[in-house]
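Hi,

Here is the model I said I'd pass along. Have a look at it first, and then read on for my notes.

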Amino acid sequence: MNVTPDRAQFTAMTEGTQQDWSLIGSHFREFSKGLPARVLTHLKLLDGDYGGFPVDRLEHSLQTATRAHRDGRDEAYVVMALLHDIGDTLGSFNHPEIGAAMLRPFVSEEVHWIANTHGVFQGYYFFHYIGGDRDMREQYRGHPHFEACAEFCEKYDQSAFDPNYDSAPLEFFEPMVGRVMSRPINSIYAKVSEAA
Ligand SMILES: [Fe+2]
Ligand SMILES: [Fe+2]
């Protein structure tokens, strides 16, 4: 039997009490405050990861976000641009879905859709060179966010491989990530976070 005062007393959730869950809730609120820092630490894993591209994946991320910021996009959009490829490390075959899932609690449905679907739209610029169909994005033609995703790839993503571009450093985006990822607007756990 676990009797550590700072831990719940149940061994199965069927035995959980209000006291247990109040305790877990307080831990969750503290843990969730560290989310932006954990995300940025993970993003740094892309540093030095070139994969044959002219710039590494961290520089590509910074450049995509910088281009979006300088084009006047709002913070949630810029943070999405920064994190759109963060899934490259763990989702080599579905990276857009990883970043999109991380962003989903904090961004609009449109911004989430862009993150989640950008891989297909980015393919317009290269799928025909790797044996695929560059028009794969046409399956989404007519979707309310089709143009927004196409625009993201055209203006910020496909163009962010320039080694000579003066991208803002990661520190520039840290406060934005902190603000955007501190308040979930769409999460089944939002209530416990609101109590913070
Ligand atoms: Fe991507
Ligand atoms: Fe990208």
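Below is what came out of going through it, from the overall fold down to single residues.

Bear in mind that this is a predicted model. The protein chain is built from nine helices and zero strands, so to speak an α-α-α-α-α-α-α-α-α pattern when you read along the sequence. Along the principal axes, its C-alpha atoms fill a box of roughly 60 × 35 × 30 Å. Of the 196 residues, 29% count as buried. Looking at contacts with a separation of 6 or more, 56% are between residues 24 or more positions apart.

On annotation, UniProt has an unreviewed entry that lists residues 57–124 as "domain: HD". In the model that span is 68% helix and 0% strand, and its end C-alpha atoms lie 19 Å apart.

Now the core. The largest nonpolar core has 35 residues, and those with the most contacts inside it are A76, V79, M80, A81, L83, L103 and V111. Helices α2 (35–43), α3, α4, α5 (95–103), α6, α7 and α8 (170–180) each supply at least two of its residues. The largest share is that of α4, with eight residues. Take A81 as an example: leaving aside neighbours within four places in sequence, A81 is in contact with T64, A65, A68 and Y156.

That last partner, Y156, brings us to α7. This helix covers residues 146–157, 12 in total, and reaches 15 Å from first C-alpha to last, close to the 16 Å expected at 1.5 Å a residue. Which residues of α7 are buried? They are C149, F152, C153, Y156 and D157. These sit on the same side of α7, because they cover an arc of only 115° around the axis. The general rule behind such a pattern is that an α-helix has 3.6 residues a turn, so residues three or four places apart point the same way. As for what covers the buried residues of α7, the list includes α3 (57–70), α4 (75–83) and α6 (109–122).

One more residue to click on is L170, which is found in helix α8. Is L170 buried or partly exposed? It is partly exposed, because it has 17 other C-beta atoms within 10 Å, and 20 or more would be needed to call a residue buried. Not counting residues up to four places away in sequence, L170 touches L40 and L62. L170 and L58 are 112 residues apart in sequence, yet 8.9 Å apart in space, C-alpha to C-alpha.

Cheers

Methods:
Residues numbered from 1 in each chain as written. Chains lettered and ligands numbered in written order. Predicted model: local features only at pLDDT ≥ 70, side-chain atom pairs only at ≥ 80, totals over all residues. UniProt positions renumbered as here; feature names shortened; annotations may be inferred. Helix = DSSP H or I, 4+ residues; strand = E, 2+ residues; numbered from the N terminus. Expected span 1.5 Å × (residues − 1). Buried ≥ 20, exposed ≤ 12 C-beta atoms within 10 Å, placed from the backbone. Arc of directions from axis to C-beta. Contact = placed C-beta atoms within 7 Å. Core = buried A, V, L, I, M, F, W, Y, C linked by C-beta atoms within 7 Å.
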